[in-house]
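Here are my notes on this model, point by point. Please read them with the structure open.

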Amino acid sequence: MADTMELRDIEVWDGNMAASHALRQAQVDVVAAYPITPSTPIVENYANFTANGYVDGEFVMTESEHGAMSCCIGAAAAGGRVATATSSQGFALMVETLYSASGMRLPIVLNVVNRALGAPLNVNGDHSDMYLGRDSGWIQLDAYCPQEAYDMNFIAFRVTEDHDVRLPAIVNQDGFMTSHTAQGVKTLSDEVAYKFVGEYKPMNDMLDLDHPVTHGVQTEEDWHFEHKARQQHALMTIVIPKIEAAFADFEKLTGRKYNIVETYNMEDAEVAVVCMGTSVETAREVAVEMREQHGIKAGVIGIRVFRPWPLQQIAAALKDVKAVGLLDRSSPHGAMGTLYNEVSGALFNTDTKAVLTNYIYGLGGRDLTKAHLTAIFKELKANADAGKPTTPLQQYIGLRGPKLSFF
Amino acid sequence: MEKKGWDGFEIGAMLRSFDGATQDIATTLPENRPYSQSNSFTASVADWRIEKPLFNKEYCIDCQFCWIYCPDMSIISRDKKMVGIDFDHCKGCGICVQVCPTNPKSLLMFPEQKDEEAALAEWPKKEKKADAEVKED
Amino acid sequence: MLEIRWHSRAGQGAVTGAKGLADVVSTTGKHVQAFAFYGSAKRGAAMTAYNRVDDKVILNHEKYMSPDYVLVIDPALVYVADITANEKENTTYIITTHLSTEELIASQPKLAGKKVYTVDCIKISQETIGKAIPNTPMLGALMKVSGMYDMDFFKENMIRVLKKLPQKIIDANMIAIQRAYDEVK
């Protein structure tokens with residue numbers, strides 16, 4: 001039996017420390033990892049907890065991220081609670097195996113500490129890796145601060161291991177801006193946290209020798225489509241209600257309320273920005289200032305659940321808004337940003353006639369300042385007043401050199 | 001195997017070997033195992049065969065080479081004694097004949113339609129080794 | 001909102017200092033944030049770390065800061081780093097140096113007319129802890145200059161923050177904190 005750890009009610013933890021304590025409290029059976037900045041401390045701390053007797057499970061140091069996720073897949077198929085962490089290029093190397101994990105319907109929790117994808121090489125935070133995983137069939141939750149990096153891990157275990165779901169889950173947090181930023185984190189006791197996550201209930205596990213199973217089969221045109229369709233059906237119809245149920249139970253336990261789509265000052269908002277990660281919190285602060293100092297009814301929408309994409313919830317949250325800024329922290333490389341495209345898709349067949357514009361910001365950890373957000377809200381107000389875009393559709397924010405924009 | 005719709009099978013492209021629980025599967029003979037429909041045991045590949053191997057017990061030394069080398073587990077062996085061929089799963093590849101060490105061979109390939117009794121009746125005799133013949137002369 | 005910027009060299013403990021301060025402040029019920037600018041910086045490279053303290057939950061994650069306090073824990077950074085960047089009218093500087101405040105301002109004229117305090121955290125840490133780790137003494141100096149907390153409370157909490165270190169090192173840190181508190185001018 002693992003030793004328990006006494007925690008203070010509020011610990012000053014960075015996002016990595018918060019995530020590693022959540023993994024410890026969930027008593028993961030197998031963590032297989034290949035550390036990479038900025039997610040390294042998650043698995044480093046976890047290895048430390050394991051070595052010091054705070055975890056009963058196995059820590060497996062693999063030869064690559066591809067090996068790490070492959071090991072997680074094997075352990076999950078065998079029938080254990082499984083988790084790991086990665087970032088950036090490491091996540092990119094995992095991608096092949098991510099599709100195997102989701103297609104095999106294996107519950108795995110992957111902490112992705114979001115970081116830019118090179119070249120040029122860069123260790124700082126942006127959402128390139130998050131976006132790279134978006135069609136991989138994994139559930140993707142997003143944390144905006146260390147507290148949420150802690151909380152979302154518990155939600156992830158609850159949802160991914162549900163026998164009606166059995167789809168792996170990613171918990172995203174911003175590299176450095178969350179992962180290396182220490183803030184107060186309200187803790188759960190080891191006992192309460194474990195109880196929330198629950199005892200692992202195996203399903204179709206290879207270690208059930210009385211019921212032998214084959215995992216990882218081949219299907220050609222005769223079966224492949226049906227299996228992928230079944231996976232999509234689960235993602236589109238089962239996952240969101242399960243996340244909502246987990247959020248509701250978590251609120252009862254902690255008082256902390258999470259939503260599929262987070263809305264701040266949206267009740268009467270005329271203009272809004274949609275974003276993810278730490279930017280959501282900075283934008284919340286600026287939205288209040290826009291109301292108090294500039295008379296602009298500004299609101300903020302944070303995407304809490306990036307996959308499955310909450311199309312209807314987004315449409316509902318934006319139905320009365322006149323202008324929306326979609327803030328993408330990833331280079332779209334030849335297209336409009338993902339949030340622009342997906343929010344456009346959510347609004348297109350509705351009565352909403354909001355003006356949508358796209359902002360590319362913060363690549364490679366470039367600071368998103370309150371001044372940037374203030375300028376964005378002012379542009380959105382101009383769009384709302386004009387009833388049409390007054391700026392190019394895609395603009396780069398915080399970039400040196402001549403103003404860069406498209407369309 | 002029945003081709004079910006997208007909502008008609010278990011998740012994860014996971015296949016069960018058996019229907020229901022099994023105990024001591026290693027000591028249960030294949031014909032007594034509750035193989036599921038998705039197990040390849042329930043599929044026949046007999047019609048892949050052009051030639052079939054036939055077994056002549058008279059010459060077999062139960063070395064088990066054929067049992068080890070058969071790629072389709074189609075050599076039926078009981079208590080380390082060769083007893084015959086599983087013609088539902090034998091594809092007629094002839095590997096068992098190739099590896100049979102007896103003289104004459106205890107397994108030989110015949111046309112698929114060949115009658116077993118007729119085959120046994122015309123089974124070749126022991127071949128004398130060429131150098132042995134020289135000494136006898 | 002109270003905002004603090006640390007100027008340090010990678011390896012001198014600014015991140016640990018900022019996180020330690022955040023930890024102590026957090027116990028009083030205030031909300032805290034501690035972070036740093038990282039890169040693939042080598043030990044010895046100039047770097048900055050940051051603290052935010054507020055009565056409300058801190059939502060601002062921008063790295064831009066207009067600091068109330070600037071803590072410089074390496075003496076050479078006064079001359080090579082932009083320690084006055086984004087300063088406010090009443091930004092207070094606490095600078096590690098062997099010079100007196102007057103001598104320091106004479107050697108770095110851009111500090112003239114500003115609220116500048118000096119303390120030799122390098123010397124203090126060498127004489128107490130045994131190596132040049134000037135982060136904890138700087139916190140002692142900050143307690144004196146800011147009047148943030150009384151020394152008994154601060155030291156009691158720092159003992160908890162440092163609890164994984166050997167007792168001898170913790171004791172040396174407490175002496176260093178007290179000396180910087182007494183010696184900052």
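**Notes on strands, domains and chain contacts**

1. Start where chains A and C meet. Ala182(A) has Ala34(C), in strand 2 of chain C, as its bridge partner. The two strands involved are strand 8 of chain A and strand 2 (residues 31-36) of chain C, which pair in the antiparallel sense over two bridges. Bear in mind that this is a predicted model.

2. That pairing belongs to a sheet built from both chains. The sheet is open and has eight strands, in the order 1(A)-8(A)-2(C)-3(C)-1(C)-4(C)-5(C)-6(C), with mixed pairing. Strand 1 of chain A and strand 6 (115-119) of chain C are at the edges. Each has a single partner strand, so one side of each lacks a neighbour in the sheet. On average, neighbouring strands here are turned by 20 degrees against each other, direction ignored.

3. Inside chain C, strand 1 (residues 2-9) and strand 3 (residues 46-54) run antiparallel and are joined by eight bridges. Follow one pair to get the register: Ser8(C) has Met47(C) as its bridge partner in strand 3 of chain C.

4. Now the contacts between chains A and C. Here 19 residues of chain A are in contact with 20 residues of chain C. On the side of chain A that touches chain C, strand 1 (10-13), strand 8 (182-186) and helix 9 (278-294) of chain A each supply at least two residues. Helix 9 of chain A gives the largest share, five residues. By class, this side of chain A has seven nonpolar, seven polar and five charged residues.

5. Chain B also touches chain A. The contact involves 15 residues of chain B and 18 residues of chain A. The chain B side holds seven nonpolar, five polar and three charged residues. Strands pair across this contact too: strand 9 (residues 213-214) of chain A and strand 1 (residues 15-16) of chain B are antiparallel, over two bridges. Val213(A) stands opposite Arg16(B) in that strand of chain B.

6. Next, the other sheet to inspect. It is an open sheet of seven strands in chain A, ordered 3-2-4-5-7-6-13, again with mixed pairing. Which strands stand at the edges? They are strand 3 (58-61) and strand 13 (305-307) of chain A. Each has a single partner strand, so one side of each has no neighbour in the sheet. The average turn between neighbouring strands of this sheet is 20 degrees, direction ignored.

7. Strand 7 (residues 169-174) of chain A deserves a check. Is it covered on one face or on both? Six of its six residues are buried. Ala169(A), Val171(A) and Gln173(A) lie on one side, and Ile170(A), Asn172(A) and Asp174(A) on the other, so both faces are covered given that buried means 20 or more other C-beta atoms within 10 Å. In a regular strand, side chains alternate between the two faces of the sheet.

8. Look at the neighbours of strand 7 of chain A. Strand 5 (residues 109-114) of chain A runs parallel to strand 7 of chain A, with six bridges between them. Asn111(A) stands opposite Val171(A) there. Strand 6 (residues 139-142) of chain A also pairs with strand 7 of chain A in the parallel sense, over four bridges. Asp142(A) has Asn172(A) as its bridge partner.

9. Strand 6 of chain A pairs with strand 13 of chain A as well, in the antiparallel sense over two bridges. Gln140(A) is matched there with Arg307(A).

10. Helix 6 (residues 146-160) of chain A completes a right-handed β-α-β unit with strand 6 and strand 7 of chain A. The helix lies across strand 5, strand 6 and strand 7 of chain A, at about 170 degrees to strand 7 of chain A.

11. Finally, the domains. The assignment for chain A gives domain 1 (10-254) and domain 2 (261-406). Their centres, over C-alpha atoms, are 28 Å apart. In the contact, 27 residues of domain 1 of chain A meet 21 residues of domain 2 of chain A. Helix 8 of chain A gives the most to the domain 1 side, with five residues. The domain 1 side divides into 15 nonpolar, eight polar and four charged residues.

How values were computed
Residues numbered from 1 in each chain as written. Chains lettered and ligands numbered in written order. Predicted model: local features only at pLDDT ≥ 70, side-chain atom pairs only at ≥ 80, totals over all residues. Contact = placed C-beta atoms within 7 Å. Nonpolar A, V, L, I, M, F, W, Y, C, P; charged D, E, K, R; others polar. Pairing = 2+ DSSP bridges. Buried ≥ 20, exposed ≤ 12 C-beta atoms within 10 Å, placed from the backbone. Right-handed = clockwise from strand over helix to strand, strands pointing away. Axes fitted to C-alpha atoms, helices over the stretch in contact; angles between N-to-C directions. Domains from an automatic or database assignment.
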